[in-house]
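Here is a walk through one structure, taken a piece at a time. Keep the picture open beside the text and follow along.

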Amino acid sequence: MIWDDRYSSSEFFYGTEPNDFLRDQHVFIPAGGRVLCLAEGEGRNAVWLAQQGFQVTAVDQSSVGLAKARVLAARNAVNIDIVTADLAAWPMGTARWDGVVSIWCHLPSAVRRKVHRHAVAGLRPGGVLVLEAYTPAQLTFKTGGPSDADLMPTLALLRDELAGLDFKIARECERSIHEGVGHRGRSAVVQVVARVPD
Ligand SMILES: C[S@@+](CC[C@H](N)C(=O)[O-])C[C@H]1O[C@@H](n2cnc3c(N)ncnc32)[C@H](O)[C@@H]1O
């Protein structure tokens with residue numbers, strides 16, 4: 001599997017620091033709440049959120065990535081729940097999460113639509129989704145991200161897929177990203193912070 005290969009080095013492919021957008025926007029998630037990190041890879045975001053006092057569950061299909069997440073958590077003396085699963089089939093539950101974090105969770109559009117429906121249902125009233133993803137415009141930058149536009153949402157698609165949430169931040173923008181060897185340089189992204197109304 002491509003992700004297992006990518007994560008098989010002792011280095012962390014996207015580094016060990018959290019994603020910038022998540023670092024800036026995590027304050028919207030109810031403090032100390034249960035947070036689900038989708039497609040969490042090697043665990044940098046999950047571990048950092050646990051350090052901020054959240055109860056974190058990290059889901060990814062790559063057992064190699066998640067083994068490194070376990071190591072990173074131990075190194076930082078925090079606990080995170082780790083689930084190895086394909087998001088296409090993993091039951092997220094109903095009204096279970098105070099936060100859902102989706103950082104570079106690039107799934108085929110049909111799967112993404114389903115996962116987003118489940119994320120909306122899985123959040124509690126007052127719960128918050130924090131998402132950053134590459135848009136199809138990233139294909140011209142070649143600084144990281146998928147090479148298939150079907151895996152890359154636009155803001156218009158996300159507004160539709162995440163209907164029912166109250167959008168606090170919703171923008172497409174360009175920004176400079178430096179995350180390990182995986183993401184390097186000027187990038188076209190979509191950023192969302194959206195909340196389940198009380
Ligand atoms: C670009 S990496 C992002 C990792 C992490 N979110 C981060 O920011 O460091 C994309 C991740 O999506 C995971 N992934 C892709 N398709 C998946 C699926 N169907 N179910 C679960 N995880 C998946 C991969 O294993 C990989 O770890």
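Let's begin at helix 3, which is mostly covered: of its eight residues, seven are buried. Keep in mind that this is a predicted model. The buried ones are Arg 44, Asn 45, Ala 46, Val 47, Trp 48, Leu 49 and Ala 50. What sits over them? The cover for these buried residues includes helix 2 (20-25), strand 1, strand 2, helix 4, strand 4 and strand 6 (166-179). Just past the end of helix 3 you'll meet Gly 53, with a positive phi of about 100°.

Now step back to the loop between strand 1 and helix 3, where Ala 39 lies. Most residues other than glycine have a negative phi. Ala 39 goes the other way, with a positive phi near 50°. With a relative accessible area of 23%, Ala 39 is partly exposed, since buried would call for under 20%. Ala 95 is another residue with a positive phi, about 45°, though it isn't a glycine. You'll find Ala 95 in the loop between strand 3 and strand 4, and its relative accessible area of 38% makes it partly exposed.

Next, have a look at strand 2. Is strand 2, residues 55-60, largely enclosed or open? Five of its six residues are buried, so the rest of the structure largely encloses it. On one side of the story is strand 1 (residues 34-38), which pairs with strand 2 in the parallel sense over four bridges. Take Val 35 as an example: its bridge partner in strand 2 is Val 56. To get from strand 1 to strand 2, the chain passes through helix 3 (residues 44-51), making a right-handed β-α-β crossover.

Strand 2 also has strand 3 (residues 81-84) as a partner: the two run parallel and are joined by four bridges. Here Ala 58 stands opposite Ile 82 of strand 3. The trip from strand 2 to strand 3 goes by way of helix 4 (residues 63-75), and this β-α-β crossover is right-handed as well. If you're tracing side chains along these stretches, remember that in a regular strand they alternate between the two faces of the sheet.

Strand 4 (residues 97-103) is worth a stop for Gly 99, which is found in it. How accessible is Gly 99? Its relative accessible area is 0%, so it counts as buried. Skipping residues up to four places away in sequence, Gly 99 touches Ile 29, Arg 34, Val 35, Leu 36, Leu 123 and Val 128. For a sense of scale, pick out Ala 156, which is 57 residues from Gly 99 along the chain: the C-alpha atoms of the two are separated by 22 Å.

So much for the solid parts; what about the gaps? Rolling a probe the size of a water molecule over the atoms shows where empty space is left. The largest pocket has a volume of about 670 Å³. It is lined by 34 residues, and those closest to its centre are Trp 3, Ala 39, Trp 104, Cys 105 and His 106. Ala 39 is the loop residue with the positive phi that we met earlier. Which elements supply at least two residues each to this lining? They are helix 1 (2-6), helix 3 and strand 2, with helix 1 giving the largest share, three residues. Sorted by kind, the lining of the largest pocket has 19 nonpolar, nine polar and six charged residues.

There is also one cavity of 30 Å³ or more in the structure, and about 30 Å³ of space lies in it. Lining this largest cavity are Ser 102, Cys 105, Arg 112, His 116, Leu 131, Ala 133 and Pro 153. Helix 5 (109-122) and strand 5 (123-134) are the elements that give two or more residues to that lining. By kind, the cavity lining divides into four nonpolar residues, two polar and one charged.

Our last stop is Arg 112, one of the residues lining that cavity, which lies in helix 5. Is Arg 112 buried or exposed? Arg 112 has a relative accessible area of 3%, so it is buried. Leaving out neighbours within four places in sequence, Arg 112 is in contact with Leu 107, Asp 150, Leu 151, Met 152, Pro 153, Leu 157 and Glu 161. Pro 153, among these contacts of Arg 112, is one of the cavity-lining residues too.

Notes:
Residues are numbered from 1 along each chain as its sequence is written. This is a predicted model: local features need pLDDT of at least 70, side-chain atom pairs count only at pLDDT 80 or more; totals for chains, interfaces and linings use all residues. Side-chain values use heavy atoms; hydrogens and water are left out. Buried means under 20% relative accessible area, exposed over 50%, partly exposed in between (1.4 Å probe, protein chains only). Two strands pair if DSSP finds at least two bridges between them. A crossover is right-handed if, with the strands pointing away from the viewer, the path from the first strand over the helix to the second runs clockwise. On a 1 Å grid over the protein atoms alone, a cavity is a set of points where a 1.4 Å probe fits but cannot get out, and a pocket is an open set with protein on both sides within 12 Å along at least five of seven lines; lining residues have an atom within 4 Å of a point. Grid points are joined across faces, edges and corners, and a volume is the space filled by probe spheres set on the points. Ala, Val, Leu, Ile, Met, Phe, Trp, Tyr, Cys and Pro count as nonpolar, Asp, Glu, Lys and Arg as charged, and the others, Gly among them, as polar. Contact means heavy atoms within 4.5 Å.
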